[in-house]
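The exercises below are meant to be worked with the sequence and the structure side by side. Try each task before reading the solution that follows.

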Amino acid sequence: MIICDRLTKTFGSITAIQDFTLEIPDGCIFGLLGPNGAGKTTTMRMLSCLIRPTLGKAQIDSYEIGKKEDAQKIRGMIGLLPEAPGLYETLGAYKNLDYYGQLYGVPKQRREESIRNTLTDLGLWERRNEPVGGFSKGMKQKIAIARALIHDPKYIFLDEPTASLDPAAAKIVREYILELKKRGDTILINTHNLSEAERICDQVALVKNRIVKVGNPKRLARGLFARTINITMEKIPSSLLKDISSLDFVLQAQVKENQLVLQVKNPEEDNPQVISWLIKQGLHVQFVTEEEHSLEDVYLKLIEEAAR
Amino acid sequence: MHWRNAWIVMRKDLDEFKKQKLVIGSIIAMPIVLGVVLPLVMFVPMVTMVPLERQWDVNGLLQIGSLPDDASIPWVNQSVENASFNAMVLKHKTLINVQLTNCIIVSCVLDNTTIIDSTIENSSLSSSYLSNVTVIRSEGSALDGSNILTVSSNLRFTKTKPSEIDQVLPLMFNMVLMIFIIIPATLPTIIATYSIVGEKNNRSLEPLLATPTTDGELLAGKIFSAFVPSMGSTLLAFTLGVTLLDVVLIPKVGYPLLPNLTWILSILLLAPTACLMSVLACVLVSSKVSDVRAAQQLGGFIVMPVVVLMLGVLSGFIFLSPVMIVVFAGLYGCLDLGLFYFAKAIFNRETILTKWT
């Protein structure tokens with residue numbers, strides 16, 4: 001489990017992140033969302049024991065961030081994928097992975113097996129000795145992810161894991177991350193890709209130099225936006241808007257072309273009444289859907305609010 | 001500190017280094033040019049043009065040849081045959097079939113003579129047996145050994161002052177030797193300055209620093225990965241240089257002059273400590289700057305202790321004797337140790353990762 005308590009980092013007069021308080025349970029995929037300069041990478045670096053917090057505390061299992069004697073233990077438990085793949089471009093994929101396997105103290109046989117399996121999965125086994133400098137960005141990113149996982153870490157920190165990948169490669173990486181979750185690994189992801197976070201994260205924290213909001217991506221949207229129902233009809237009479245607004249459970253009503261857009265107090269109870277009322281009015285209801293707010297809507301709204 | 005981790009870092013760096021053909025080329029070419037070609041260019045004209053004739057060292061001869069107070073009264077201008085003498089001073093004699101022990105022999109003609117523990121001056125030797133004898137200015141063919149039947153191992157010839165080559169060689173050897181100290185101190189600026197800041201620029205430093213490797217292990221690995229090729233290349237140039245210098249000089253002086261004790265101590269003690277100092281300085285600078293060029297310029301500046309030694313040698317203020325080599329190697333060794341602990345103390349992952357100016 002990762003516990004952060006008012007974690008703060010300043011660089012001179014600039015505060016990168018302030019009062020970052022959070023608990024990330026084991027086996028969870030946790031996303032840190034925020035614009036550039038929001039302090040996501042700084043937070044990840046603090047948790048990786050690469051930089052020391054200015055204030056506050058954080059614990060990974062029983063080890064404390066910022067304590068020199070715990071730093072090595074924490075680094076051994078973490079697999080980090082930084083923003084840039086940072087591979088040794090003149091060396092082959094095998095040597096890149098083998099180097100890190102050795103530094104993490106992975107036994108030779110397990111290391112060889114792991115590298116072989118990973119490179120075979122990535123379709124790179126035949127090209128294992130080619131300098132990685134000649135590989136595509138996506139390929140490099142995959143190798144870098146494999147490098148972060150070479151020692152089978154309990155905690156995996158991924159900083160923009162799909163940023164440089166084409167859609168197909170990004171999909172493979174996302175599926176891979178979900179596979180890791182099934183193994184019980186705890187994954188912390190920094191990302192700008194909101195749809196990605198929505199798809200794979202159990203929890204997200206919106207960050208803008210401090211935590212703006214934490215929660216499940218879907219629940220966040222529900223908490224922020226009133227639930228809206230779109231009712232598509234063959235024809236909408238001009239008097240409908242006035243009539244339906246008079247119903248006491250209807251909070252707001254709008255007409256957009258052949259769609260009636262409604263906000264009601266309690267959709268689960270009120271929606272059937274609305275539909276019955278419409279049918280009684282002799283209207284032909286074609287579709288009824290609930291308008292979903294994406295994480296992007298949540299993100300933009302919250303970040304906008306935080307900037308005010 | 002786990003040396004295994006330092007070893008892993010070093011091997012990876014060497015693997016990367018092996019792929020950089022141009023860097024390898026310069027690492028090999030520079031020592032070859034400075035340590036092999038340049039000395040040959042200096043020595044070949046010298047040995048072909050400067051005469052090797054040795055002149056009699058008259059002043060030295062008078063000093064060495066002064067007789068002790070208790071010497072016996074000399075026999076002068078006599079011819080002695082089939083005799084045996086002990087503790088005598090023999091002057092202007094012709095000695096045939098004579099055995100001499102503890103004698104001082106001046107201006108004699110010795111034929112078929114056995115001389116033991118004696119001093120011979122101004123004499124001509126022929127078919128003589130010499131044992132524990134100091135020969136001073138003995139003329140004729142005797143001294144080239146053709147007419148001396150046997151000589152003891154500690155026979156000492158102290159009769160001549162050096163030839164021009166004899167006078168010039170030690171100075172030139174000193175200069176060439178300095179090249180083999182300068183080379184290992186200069187080469188690391190090509191490799192070591194890149195070690196940390198290069199990784200930072202390639203963005204490979206962050207995942208490396210995120211491993212459980214300690215600062216000491218990382219630094220040690222980086223240091224050895226610059227030290228090994230620098231010293232390897234120096235040793236290659238040294239071996240080649242010494243061999244070729246001997247090939248050039250043997251026909252003139254008659255025996256291999258190099259490597260002598262000074263040269264052996266230099267390559268085994270002074271060159272490695274100077275190299276290590278340079279590597280440490282460059283790695284230290286590399287961990288403190290954010291640009292490879294800045295690291296190279298500063299790294300080159302920090303090899304000043306080696307430059308001081310070079311200036312001392314070139315100006316004639318310092319002569320590289322074995323004792324001097326050991327003194328400087330000890331000094332450099334202490335500096336190396338201090339530099340390592342200093343580099344370790346100021347190695348800061350946070351600064352390295354976050355500072356870009």
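**Exercise 1. Find the bridge partner of A:I3 in strand 2 of chain A, then work outward to the whole sheet.**

Solution. The bridge partner of A:I3 in strand 2 of chain A is A:E23. Before going further, note that this is a predicted model, in which local features need pLDDT of at least 70 and side-chain atom pairs count only at pLDDT 80 or more, while totals for chains, interfaces and linings use all residues. Residues are numbered from 1 along each chain as its sequence is written, and chains are lettered from A and ligands numbered from 1 in the order in which they are written.

Step one is to take the pair of strands to which this bridge belongs: strand 1 and strand 2 of chain A pair in the antiparallel sense over seven bridges, where two strands pair if DSSP finds at least two bridges between them. Strands (E, at least two residues) and helices (H or I, at least four) are DSSP runs, numbered from the N terminus. These two strands of chain A form a hairpin with two residues between them, and A:G12 in the turn has a positive phi of about 65 degrees.

Step two is to move to strand 4 of chain A, which runs antiparallel to strand 1 of chain A and is joined to it by five bridges; A:C4 stands opposite A:A58 there. Strand 4 (residues 55-60) in turn pairs with strand 5 of chain A over two bridges, again in the antiparallel sense, and A:Q59 has A:E64 as its bridge partner.

Step three puts the pieces together: the four strands form an open, antiparallel sheet in the order 2-1-4-5 in chain A. Its edge strands are strand 2 (14-24) and strand 5 (63-64) of chain A, each of which pairs on one side only.

**Exercise 2. Determine which elements of chain A give two or more residues to the side that touches chain B.**

Solution. Begin with the contact itself, in which 25 residues of chain A meet 22 residues of chain B, two residues being in contact if their C-beta atoms, placed from the backbone, lie within 7 Å. The elements of chain A that give two or more residues are helix 2 (68-77), strand 6 (78-81) and helix 3 (93-103), and helix 3 of chain A gives the most, with five residues.

**Exercise 3. Locate the kink in helix 8 of chain B, and follow the chain beyond the helix.**

Solution. Helix 8 (residues 215-253) of chain B has 39 residues and reaches 53 Å from its first C-alpha to its last, close to the 57 Å expected at 1.5 Å a residue, the expected span being 1.5 Å times one less than the number of residues. A kink of about 30 degrees lies at B:V247, shortly before the proline B:P251; the bend at a residue is the angle between axes fitted to the seven residues ending there and the seven starting there. The helix is followed by B:G254, whose phi is positive, near 95 degrees. Further on, a cis peptide bond with omega about 0 degrees joins B:L258 and B:P259, and B:P259 lies in the loop between helix 8 and helix 9 (261-286) of chain B.

**Exercise 4. Decide whether A:C49 is buried or exposed.**

Solution. A:C49 lies in the loop between helix 1 and strand 4 of chain A, and has a positive phi of about 60 degrees although it is not a glycine. A:C49 is buried because 28 other C-beta atoms lie within 10 Å; the cut-off for buried is 20 or more, exposed means 12 or fewer, and partly exposed lies in between, with C-beta atoms placed from the backbone.
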